[in-house]
Amino acid sequence: MAAMAAVGPSSAIIEVKAYSGEQARWYCDQLERGKVIFFSEVPFEFPDEDRKFLLSQKQTGSRFHKNISYRPAKDILKGMASGAEDREHLQRVLRTFSAELTRFVTKFLAPYSGKLKLDFASFRPLEEQGRDLPLHKRNDLLHVDAFPTRPTHGGRILRVFVNINPAADRVWNVGEPFHDFVPRIMGSQKIEPPQRSGFARAFARVASRVGLPVPDRSRYDEYMLYLHDWLKENSDFQQKSPKFELNFPPGSCWMVYTDGVPHAVMSGRYALEQTFIVPPDALVSPDAAPVHVLEGVTHQPMAS
Ligand code: SIN
Ligand code: FE
């Protein structure tokens with residue numbers, strides 16, 4: 001229990017100490033309802049030499065201006081100069097990380113297996129505290145995630161993090177889950193993205209199908225992007241909405257639906273992360289999904 005108190009309150013976070021296949025559905029449900037699932041140690045194979053290699057990037061840290069992303073489906077690394085000597089090594093480390101983590105998640109969250117869509121992974125070597133970023137890109141402000149270039153059409157964003165920093169916690173704030181705070185704030189104020197014409201939407205759909213770099217956004221995706229920005233802009237929400245501090249210690253691992261749990265990273269450097277898109281038909285508690293909540297409060301169809 002002592003370790004638990006150091007991480008965060010049980011209303012926001014559940015620590016996994018031992019698990020069996022029978023609990024898989026319960027963990028899916030708890031995640032979907034806005035809990036962070038926490039492991040004090042990485043629950044899958046993660047070689048110590050890989051961790052050391054990632055940390056050794058410290059010496060050449062000035063090379064990193066932003067996070068490095070890895071796209072498992074295409075085996076592509078982004079954010080590191082193409083001539084960089086350690087590039088291939090880094091790619092190999094992220095490839096292995098992504099594969100081992102995915103194997104674990106498929107087992108731990110068995111109801112999702114065969115339905116998870118593997119999205120990007122990332123290496124986050126920069127100190128988060130005091131990063132100088134434009135408002136909408138700031139991650140130290142509470143927000144829910146939405147990807148401008150990868151619409152999900154109601155699918156959910158599940159992310160798994162590892163703090164590979166040997167010395168410092170990664171510190172987050174998290175807020176109340178989507179199904180609690182969104183009906184409340186949308187009940188008292190109008191939060192609505194501009195309506196696009198049917199023509200604009202049909203055009204985007206066709207363009208994206210023929211491979212043009214135009215995201216085919218549903219009404220849901222427009223709402224989530226709008227809400228992401230709205231939350232970061234809204235100082236009342238930032239200051240007054242209930243939040244909990246979570247301290248993720250060195251070597252720990254956690255997973256969370258970042259489209260449903262408002263989160264902000266306050267400090268820490270050296271994290272690894274893998275994102276999955278969980279399609280609506282894989283969810284065990286679809287009533288808690290943002291798409292369902294938005295349909296309820298707006299009385300509009302969202303995902304079609
Ligand atoms: C985020 O999704 O806001 C970033 C969280 C982190 O890097 O710890
Ligand atoms: Fe985020």
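Which residues line the second largest cavity? I will come back to that after the ligand. One caution before I start: this is a predicted model.

Let me take ligand 1. Ten names are worth having in front of you as you turn the structure: R124, N139, H143, D145, R159, F161, R170, W172, H263 and V265 surround ligand 1. Sorted by class, that shell has four charged residues, three polar ones and three nonpolar ones.

Now the polar contacts. The side chain of R170 has an N or O atom 2.8 Å from an oxygen atom of ligand 1. For H143, a polar side-chain atom lies 3.0 Å from a ligand oxygen. For H263, the corresponding distance from a polar side-chain atom to an oxygen of the ligand is 3.2 Å. As for cover, ligand 1 on its own has 260 Å² of accessible area, and the protein covers 98% of that.

Where does the shell come from in the fold? Three strands each supply at least two of its residues: β6, residues 156–163; β7, residues 170–175; and β10, residues 263–267. The space that ligand 1 takes up is the largest pocket.

That is the pocket. Next, the cavities.

How many cavities of 30 Å³ or more does the structure hold? There are three. I will go through two of them.

The largest cavity contains about 80 Å³ of space. Its lining is made of 13 residues, and those nearest the centre are A146, F147, T152, D221 and M224. Which helix gives the most to that lining? Helix α7, residues 219–233, with four residues. By class, the lining of this cavity has seven nonpolar residues, four charged and two polar.

Now back to the opening question. The second largest cavity holds about 60 Å³. Its lining consists of E128, R131, L133, R138, N139, D140 and V265. Four of these residues are charged, two are nonpolar and one is polar.

Two of those names should sound familiar. N139 and V265 line the second largest cavity, and N139 and V265 are also among the residues surrounding ligand 1. If you want to look at the ligand shell and this cavity together on the screen, start from those two residues.

To recap: ligand 1 takes up the space of the largest pocket, with polar side-chain atoms of H143 and H263 and an N or O atom of the R170 side chain by its oxygen atoms. The largest cavity has about 80 Å³ of space, and the second largest about 60 Å³.

Definitions and conventions
Residues numbered from 1 in each chain as written. Chains lettered and ligands numbered in written order. Predicted model: local features only at pLDDT ≥ 70, side-chain atom pairs only at ≥ 80, totals over all residues. Heavy atoms only, no water. Near = heavy atom within 4 Å. Polar contact = N/O pair within 3.5 Å; in protein donor to acceptor, adjacent residues only side chain to side chain. Areas by Shrake-Rupley, 256 points an atom, 1.4 Å probe, with all protein chains shown as cover. 1 Å grid on protein atoms, 1.4 Å probe; cavity = no way out; pocket = protein on both sides within 12 Å on 5 of 7 lines; lining within 4 Å. Sits in = over half its atoms within 2 Å of the grid points. Nonpolar A, V, L, I, M, F, W, Y, C, P; charged D, E, K, R; others polar. Points joined across faces, edges and corners; volume = space filled by probe spheres on them.
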